[in-house]
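Hi everyone, thanks for making time for this one. I'll put the sequence and the structure up, and then we can walk through it together.

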Amino acid sequence: MSTLLRTLRNLRRIGFKEYGHQLQYIGDTKAGTFIAKDRYGNKYFENLEDELPLRTRWVDYKDHEFDPSQIEPGWHAWMSYMVDKPPTEDPILQRRVRDWEPKEHRPTLTWSRSGYKPYSTTKNKYFPWTPVAKVRQ
């Protein structure tokens, strides 16, 4: 969380609507410059002046139930400070699809309904007990 002065300053910069959105989904208020929007609707921001070190870049996910695997590889490199330029400016980070690569980036589906669920072929050792009620006389 940030200081009260920083929070009020960000409220003045971004407005009430964005302030409420950030508190609900990010848990903190941040004001910065809009860098770009990727193909999936995620918005990327950066603020080099007022933020703490290594907390100057952030993403506003399109989906409210977000997962960090919803970020493309080029944007992930920029978010984790591996490169200085965002993928919109760096031709190396722009996603070129090779023949053997999937056509679209797919996020990790673990802990979702579409995630992999193994099927066991072994017989259970224990079975749940089901009570049998005796008919009253």
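Let's start right after helix α1, where Gly-15 follows with a positive phi, near 95°. Please keep in mind throughout that this is a predicted model.

On the other side of that glycine we have α2, residues 16-25. How do α1 and α2 pack, at what angle and with their axes how far apart? The angle is about 130°, and the axes are 7 Å apart. That makes α1 oblique to α2. If you'd like to find the contact on your screens, look for Thr-7, Leu-11 and Ile-14 on the α1 side. From α2, the partners are Phe-16, Glu-18, Tyr-19 and Gln-22.

Staying with α1, which spans residues 4-14, which of its residues are buried? They are Arg-6, Thr-7 and Asn-10. Viewed down the helix axis, these buried residues fall within an arc of 100°, so they line one face of α1. As a reminder, an α-helix has 3.6 residues a turn, so residues three or four places apart point the same way. The buried residues of α1 pack against α2, and Thr-7 is also one of the residues in the helix contact I just listed. Now turn the helix around: the face pointing away from the buried side carries Leu-4, Leu-5 and Arg-12, which are exposed.

Next, the sheet. This is an open sheet of 3 strands, in the order β1-β2-β3, and the pairing is antiparallel. β1 (33-37) and β3 (57-60) are the edge strands, each pairing on one side only. On average, neighbouring strands are turned by 30° against each other, direction ignored. β2, residues 43-46, is joined to β3 by 4 bridges. To pick out a pair by eye, start from Lys-43 and cross to its bridge partner in β3, Asp-60.

Finally, the core. Which residues make up the largest nonpolar core? There are 8 of them: Ala-36, Tyr-44, Val-59, Tyr-61, Ile-71, Trp-75, Trp-78 and Met-79. Helix α3, residues 73-79, gives the most to this core, with 3 residues.

I'd like to finish on one core member, Tyr-61. Leaving aside residues up to four places away in sequence, what does Tyr-61 touch? Its contacts are Asn-42, Phe-66, Asp-67, Pro-68, Gln-70 and Ile-71. Ile-71 is itself on the core list, so do zoom in there if you get a moment. Thanks, all!

Note on methods
Residues numbered from 1 in each chain as written. Predicted model: local features only at pLDDT ≥ 70, side-chain atom pairs only at ≥ 80, totals over all residues. Heavy atoms only, no water. Pairing = 2+ DSSP bridges. Helix = DSSP H or I, 4+ residues; strand = E, 2+ residues; numbered from the N terminus. Axes fitted to C-alpha atoms, helices over the stretch in contact; angles between N-to-C directions. Core = buried A, V, L, I, M, F, W, Y, C linked by side-chain atoms within 4.5 Å. Buried < 20%, exposed > 50% of the residue type's maximum accessible area, 1.4 Å probe, protein only. Contact = heavy atoms within 4.5 Å. Arc of directions from axis to C-beta. Parallel < 35°, antiparallel > 145°, perpendicular 65-115°, else oblique.
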